[in-house]
Every structure is written in C-alpha cells, then in structure tokens.
Amino acid sequence: ENMGRNVQYRSGEILEPDDQSESKTDRSLPHWILQAVVADMALSRTAQRIKISTSNRVVTLRGLVNNPQERERIETKAQYIAGKNNVDNQLEIIRH
C-alpha cells in the first residue's frame with residue numbers, strides 16, 4: 001500500500017508541503033487551518049500532526065487520524081477557513 005503512495009508522490013499526483021504555491025493566500029491558508037486544528041483539544045496528537053498544503057486556493061489535507069470523527073472535524077475546520085468546495089480531504093483513519 002505504501003509503495004503505491006510512494007509512486008504517486010514521485011509522479012507529482014500528491015502535493016507535498018514543499019509544493020506549496022507562493023501566492024499570499026496559498027501560503028496563509030495552511031497556517032490558519034493548522035492553528036485551528038492544534039487549538040482543538042478534542043483532537044488527538046496524531047490528528048494534530050497532519051500535513052496541509054495549498055495550490056490555487058485548494059487545500060489538501062493528508063496524514064493520519066484516529067477515527068472518522070476526527071477526519072470530519074478537521075475537514076469542517078478547513079472548509080470553514082478555505083471554503084466548502086476548496087478542500088481535498090485525503091486524511092486516513094488508523095486501523096486499530
């Protein structure tokens with residue numbers, strides 16, 4: 001499974017934080033969203049360590065969360081800040 005992801009990263013299908021656009025808005029959105037996520041004490045430390053990147057005002061959320069509720073909670077925060085149709089939620093739930 002990780003091998004497939006590695007191929008996607010190398011091919012450019014998945015944005016890395018280094019692929020961040022240099023526009024002022026694209027640089028600011030991840031910061032604002034991460035602030036909201038880290039300030040939410042209902043989220044696990046795992047969820048607070050997600051990766052956030054933005055290109056052309058579209059926010060991509062990647063990383064691991066503990067449950068569907070955390071995934072939805074983070075997506076809702078990102079949609080509130082970036083706009084409902086501007087969030088690509090690629091967060092994955094840890095299988096326990």
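**A nonpolar core and a salt-bridge network**

In this predicted model, the largest nonpolar core has 15 residues. The residues with the most contacts inside this core are I50, V59, L61 and I74. Helix α2 (24-39), strand β2, helix α3 and strand β3 are the elements that each give two or more residues to the core. In soluble globular proteins, nonpolar side chains tend to be buried together.

Three of these elements can be followed along the chain. Strand β2 covers residues 58-65 and strand β3 covers residues 87-93; the two pair in the parallel sense over 7 bridges. Helix α3 (residues 68-82) joins with β2 and β3 to make a β-α-β unit, which is right-handed.

L61 gives a closer view of this region. In the strand pairing, L61 stands opposite N89 of β3. Leaving aside residues up to four places away in sequence, L61 touches several others, including I50, I52, I74, A78, V87 and L91.

Charged side chains form a second set of links. Across the whole structure, 2 salt bridges are found. One joins R73 and D40, with a distance of 2.4 Å from N to O. R73 belongs to helix α3, while D40 sits in the loop between α2 and β1 (51-55), 33 residues apart. D40 also forms a salt bridge with K77, where the closest N and O atoms are 3.1 Å apart. Because D40 lies in that loop and K77 in helix α3, this pair ties together parts 37 residues apart in sequence. D40, R73 and K77 are thus linked in a network of salt bridges. Within this network, D40 is buried, at a relative accessible area of 8%, whereas R73 is partly exposed, at 40%.

Technical notes:
Residues numbered from 1 in each chain as written. Predicted model: local features only at pLDDT ≥ 70, side-chain atom pairs only at ≥ 80, totals over all residues. Heavy atoms only, no water. Pairing = 2+ DSSP bridges. Helix = DSSP H or I, 4+ residues; strand = E, 2+ residues; numbered from the N terminus. Right-handed = clockwise from strand over helix to strand, strands pointing away. Core = buried A, V, L, I, M, F, W, Y, C linked by side-chain atoms within 4.5 Å. Buried < 20%, exposed > 50% of the residue type's maximum accessible area, 1.4 Å probe, protein only. Contact = heavy atoms within 4.5 Å. Salt bridge = Lys/Arg side-chain N within 4 Å of Asp/Glu carboxyl O.
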